[in-house]
Amino acid sequence: MPEVISGISRRLNRHAMVHSARTAIAAVVSLLVARVLGLPEAYWATITTLIIMQSRLGAALAISEQRFAGTAVGALMGALLTTYFGLNATVFGLGVFAIGLICAALSLGEAYRMASVTLAIVMLIARTKSVWIIAAHRFVEVSVGIAVGLVLTAVWPHDDAATSAASSGSAAK
């Protein structure tokens, strides 16, 4: 049992504390910003921030570009399809297929997943508002999450020295 406790205490180092604090602060900031903007599903901003905060700035930028592009494509496609063809499984399936082709043509390979998820959210979740408002809200909610995650990652970057020391210490054991 002392070995287990010792292993846990080694893993609960400064790096883990700082990373957890950065992520928690970013999540709360994105939630508050989305609420101040009056976004109806502010949790999407927070979820996006949590995904962005798991990366270093270079990786966060790449992830953010793909999420931003995918969300834009999916929101636009979902609003267009729902406006002109209504909500049905065939149109949804064709939309997912079309998004795959659009993302491939625009070299947005990784954006395909996010575009498809956004399409599903816009098209398949019952709403009382216009689909264009739903699509715009989804786009803004994710954009807020991306912006907060990138700003906090830039202002408060990962401590690479702690990460290297922690992994070196693990490798030496």
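This text goes through the nonpolar cores and the aromatic rings of a predicted model.

In soluble globular proteins, nonpolar side chains tend to be buried together. Here the largest nonpolar core is made of 13 residues, and Leu81, Ile99, Cys103, Leu119 and Met123 have the most contacts inside it. Three elements each give two or more residues to this core: helix 4 (57-85), helix 5 (89-105) and helix 6 (111-124). A second core, separate from this one, has nine residues, including Ala34, Ala42, Val148 and Leu152. To return to Cys103, its contacts beyond four places away in sequence are Leu108, Gly109, Ala111, Tyr112 and Ala115.

The aromatic rings come next. A pair of such rings is described by the distance of the centres and the angle of the planes. Searching the whole structure gives two aromatic pairs. In one, the ring centres of Tyr43 and Trp44 are 5.3 Å apart and the planes are at 45°, so this pair is tilted. Tyr43 has a relative accessibility of 42% and therefore counts as partly exposed, whereas Trp44, at 18%, counts as buried. The other pair, Phe68 and Phe139, is also tilted, with 5.1 Å from centre to centre and 55° between the planes. Phe68 lies in helix 4 and Phe139 in helix 7 (residues 131-155), so the pair links parts of the chain that are 71 residues apart. Phe68 is partly exposed at 41% relative accessibility, and Phe139 is partly exposed with a relative accessible area of 26%.

Trp44 has a further partner: the charged end of Arg138 sits over the Trp44 ring, 4.3 Å from the ring centre.

Key
Residues are numbered from 1 along each chain as its sequence is written. This is a predicted model: local features need pLDDT of at least 70, side-chain atom pairs count only at pLDDT 80 or more; totals for chains, interfaces and linings use all residues. Side-chain values use heavy atoms; hydrogens and water are left out. A nonpolar core is a set of buried Ala, Val, Leu, Ile, Met, Phe, Trp, Tyr and Cys residues joined through side-chain atoms within 4.5 Å. Buried means under 20% relative accessible area, exposed over 50%, partly exposed in between (1.4 Å probe, protein chains only). Helices (H or I, at least four residues) and strands (E, at least two) are DSSP runs, numbered from the N terminus. Contact means heavy atoms within 4.5 Å. Rings of Phe, Tyr and Trp (its six-membered ring) pair if their centres lie within 6.5 Å; planes under 30 degrees apart count as stacked, over 60 as edge-to-face and the rest as tilted. A charge sits over a ring if NZ of Lys or CZ of Arg is within 6 Å of the ring centre and within 35 degrees of the ring normal.
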